Amino acid sequence: MGASGPAAAEVLLERDAELARIGTLLDGVSTGAGSVMFVEGTAGVGKTAMLSAVRSRADQSGFGVFHARASQFESEMAFGVARQLLEPMLRTTNSARRRRLLDGPARVGAQALGLETGAPPTDRFAAIHGLYWLCANRAERDRVVLAVDDVHWVDDSTLSW
């Protein structure tokens, strides 16, 4: 996924305005305001490095950071990028916390990703609703950043979510 950790921001040259904007957005989230940030530009301009800086700063600020990189291969796989984002959250948590994460409709979201026993939902809205609640349950514990690189390859199901 590229550089991460404290050194990621140091690699970025002449990006002070962008880094300040990242800080402002993260500060806003810390006070309860949700945010969405898009990094766009031509190939080689440093989009992945900028995304690494976001992840690094969020991690240093105590956010739960989940990331994925979309690819052409996954563009046809339903919820492929959503699974990349959320699977580590479920796989690396203890059983008590996992039960809290999967409370209510969130279990249906995990079933849609194939990460929980039971049949996946046949209704796309139920899957999207469940994924929403999976993230909402996680966000009750602390602030969360979902970072996706190469969004132009994200599958339709994840984009709908």
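The turns below go through strands, helices and one buried arginine of a predicted model.

Local features in this predicted model need pLDDT of at least 70, side-chain atom pairs count only at pLDDT 80 or more, and totals for chains, interfaces and linings use all residues. Residues are numbered from 1 along each chain as its sequence is written, and side-chain values use heavy atoms, with hydrogens and water left out.

Me: Which residues of strand β1 point to the buried face?
Reply: Strands (E, at least two residues) and helices (H or I, at least four) are DSSP runs numbered from the N terminus. In a regular strand the side chains alternate between the two faces of the sheet. In β1, residues 64-69, V65, H67 and R69 point to the face that is not buried (buried is under 20% relative accessible area, exposed over 50%, partly exposed in between, with a 1.4 Å probe and protein chains only). The buried face has G64, F66 and A68.

Me: In which sense do β1 and β2 pair?
Reply: Two strands pair if DSSP finds at least two bridges between them. β1 and β2 (residues 144-149) have six bridges, and the sense is parallel.

Me: What is the bridge partner of R69 in β2?
Reply: Elsewhere in β2, L146 stands opposite F66. The covered face of β2 has V145, A147 and D149, and the uncovered one V144, L146 and V148. The partner of R69 is D149.

Me: Is R138 buried or exposed?
Reply: R138 lies in helix α7, residues 124-141. Leaving aside neighbours within four places in sequence, R138 is in contact (heavy atoms within 4.5 Å) with G64, F66, M89, L101 and V144. Its relative accessible area is 7%, so R138 is buried.

Me: How far apart are the end C-alpha atoms of α7?
Reply: The expected span of a helix is 1.5 Å times one less than its number of residues. For the 18 residues of α7 that gives 26 Å. The end C-alpha atoms agree with this, at 27 Å.

Me: Against which elements do the buried residues of α7 pack?
Reply: The buried residues of α7 are A127, I128, G130, L131, L134, C135, A136, N137 and R138. They pack against β1, α4 (80-91), α5 (95-101), α6 (106-112), β2 and α8 (156-160).

Me: What is the handedness of the crossing of α4 and α7?
Reply: Axes are lines fitted to C-alpha atoms, for helices over the stretch in contact, and angles run from 0 to 180 degrees between N-to-C directions. The α4 and α7 axes are 12 Å apart at an angle of about 40°. That makes α4 oblique to α7 (under 35 degrees is roughly parallel, over 145 roughly antiparallel, 65 to 115 roughly perpendicular, the rest oblique). With left-handed meaning the near helix is turned anticlockwise from the far one by less than a right angle, and right-handed clockwise, the crossing is left-handed.

Me: Which residues of α3 meet α2?
Reply: The axes of α2 (residues 16-30) and α3 (residues 47-60) come within 10 Å and cross at roughly 40°, in a right-handed crossing. The two helices are therefore oblique to each other. On the α2 side the residues are E18, L19, I22, G23 and L26. On the α3 side they are M50, A53, V54, R57 and A58.

Me: Which residue just after α2 takes a positive phi?
Reply: α2 has 15 residues and reaches 21 Å from its first C-alpha to its last, close to the 21 Å expected. Its buried residues are L19, I22, G23, L25, L26 and G28. Just after α2, a positive phi of about 105° is taken by G32.
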